[in-house]
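Thanks for coming. I will go through one structure today, mostly strands, rings and a few backbone oddities. Please have the sequence and the model open.

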Amino acid sequence: MKKKAYLGIDIGSISTKGVIINENKDFLAECYLWTEGNPTEATKKVLTELQKNFDGEQYEIVASGTTGSARKLVGSMIGAQVVKNEITAHAVGTTSIHPDVRTILEIGGQDSKIICVENGVAVDYAMNTLCAAGTGAFLSSQAHRLGVEVEDFGRIALSAKRAAPVAARCTVFAESDLVHKLQVGYPREEIIAGLCKAVAGNYLNNVAKGKKIISPVVFQGGVSKNEGVVKMFEEELGMPVLVDEKGHLMGAFGIAILAKESRQEGAFDFHVADMEFKTREITCGKCANHCEIICVYRDGKLIDSWGNRCPNGEITAKNQGKIY
């Protein structure tokens with residue numbers, strides 16, 4: 001008899017992450033790749049990669065979960081038992097590895113968040129999704145302008161004697177300030193250190209504004225791999241900031257744990273990666289709401305729909321997406 005395994009997928013605007021764990025919450029397989037604006041294709045690629053490293057002879061996936069910006073869509077694709085927001089998933093994943101954590105800082109490709117934890121439970125949070133200043137996309141853009149790889153930002157920032165003052169509350173202002181700093185002769189490493197400092201300051205003054213940051217602090221998301229930003233957070237906070245080597249997978253890990261703890265089991269097949277998925281948007285005109293209803297089709301068959309605010313917009317497989 002095969003052992004039980006659990007799948008978690010975190011679909012973000014920039015990256016898609018997948019994790020398979022066993023009953024002891026050990027990682028059996030993991031994958032991280034770019035979403036590239038297509039969550040369905042990114043999910044199929046993640047499943048393909050996970051299958052390559054998954055021991056299907058010993059284990060079988062008995063439950064799955066999805067989180068992230070496209071969690072509903074991908075949840076329908078894979079028949080997930082659990083679909084939860086990323087705040088819950090990140091908190092569960094992080095507290096499983098760091099049970100004493102009190103503050104979780106997270107900066108991703110296009111958004112960022114802070115989660116305050118007490119006794120292993122998320123009690124407060126805040127998110128910034130309105131402006132990309134200070135996110136991974138912002139740093140990538142500045143790296144391109146400076147002609148360096150964003151992966152080298154941290155190393156270069158740590159070599160600087162000081163950080164140049166960079167106005168980074170707005171992407172547009174940051175870029176013009178960056179050009180000015182280059183023109184007046186600031187060393188490149190000081191500008192990069194300044195960008196790292198600005199990212200930390202921007203986060204603390206906006207996302208974390210009004211939140212009490214208590215140690216232990218865990219820093220997650222793609223930007224946490226930037227040693228320069230980590231150092232600036234430690235200087236600003238006056239406390240150690242821990243970066244877990246699995247930090248970029250915490251959302252997927254957390255939702256896999258929630259799938260395990262849900263005790264809801266269902267069949268999962270990696271052949272989902274070979275199926276064709278399409279979405280279709282329908283505007284219902286049956287009432288004044290004019291709801292925009294999203295329909296998801298697998299190999300031409302309607303498998304799910306959402307977006308209606310009244311029974312008039314309910315869609316069933318029988319009418320294949322037609323409003324009745």
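I will start with burial: a residue is buried under 20% relative accessible area, exposed over 50%, and partly exposed in between, with a 1.4 Å probe and protein chains only. By that definition C116 is buried, because its relative accessibility is 8%.

Some bookkeeping. This is a predicted model, in which local features need pLDDT of at least 70 and side-chain atom pairs count only at pLDDT 80 or more, while totals for chains, interfaces and linings use all residues. Residues are numbered from 1 along each chain as its sequence is written, and side-chain values use heavy atoms, with hydrogens and water left out.

Staying with cysteines: a disulfide here is a pair of cysteine sulfur atoms within 2.5 Å. The structure has zero of them. Take C291: the closest cysteine sulfur belongs to C287, 5.7 Å away, which is too far for a bond. C291 is also buried, because its relative accessibility is 5%.

Next, the strands. Helices are DSSP runs of H or I with at least four residues, strands are runs of E with at least two, and both are numbered from the N terminus. Two strands pair if DSSP finds at least two bridges between them.

Look at strand 2, residues 15-22. How many of its residues are buried? Eight of eight. In a regular strand the side chains alternate between the two faces of the sheet. On one side of strand 2 are S15, K17, V19 and I21, on the other T16, G18, I20 and N22, and all are buried, so both faces are covered.

Strand 2 has partners on either side in sequence. Strand 1, residues 3-11, pairs with strand 2 in the antiparallel sense over seven bridges, and I11 stands opposite T16. The two form a hairpin with three residues between them. Strand 3, residues 27-34, also runs antiparallel to strand 2, joined by seven bridges. There S15 faces W34 as its opposite residue. That second hairpin has four residues between the strands, and K25 in it takes a positive phi near 70°.

K25 brings me to backbone geometry. Most residues other than glycine have a negative phi, and most peptide bonds are trans. H290, not a glycine, has a positive phi of about 45°. H290 sits in the loop between strand 11 and strand 12, and counts as partly exposed because its relative accessible area is 47%. D299, in the loop between strand 12 and strand 13, has a positive phi of about 50° and is not a glycine either. As for peptide bonds, the one joining S215 and P216 is cis, with omega about 0°. P216 belongs to the loop between helix 7 and strand 9.

Now the rings. Rings of Phe, Tyr and Trp (the six-membered ring for Trp) pair if their centres lie within 6.5 Å; planes under 30 degrees apart are stacked, over 60 edge-to-face, and the rest tilted. That rule gives seven aromatic pairs. One of them is F54 with F270, with centres 5.9 Å apart and planes at 50°, so this pair is tilted. The two are 216 residues apart, F54 in the loop between helix 1 and strand 4, F270 in the loop between helix 9 and strand 11. F54 is buried because its relative accessibility is 11%, and F270 because its relative accessible area is 12%.

Another pair, F219 with F233, is edge-to-face, at 5.1 Å centre to centre and 70° between planes. F219 is in strand 9 and F233 in helix 8, 14 residues apart. Both F219 and F233 are buried. Back to F54 and F270: with Y59 and F268 they form one aromatic cluster.

Charges over rings are next. The criterion is NZ of Lys or CZ of Arg within 6 Å of the ring centre and within 35 degrees of the ring normal. K181 lies over the face of Y186, at 5.8 Å from the ring centre. K246 does so over F27, at 4.8 Å.

One last residue, T40, in helix 1. T40 is buried because its relative accessibility is 13%. Contact means heavy atoms within 4.5 Å. Neighbours within four places in sequence aside, T40 is in contact with L73, M77 and F277.
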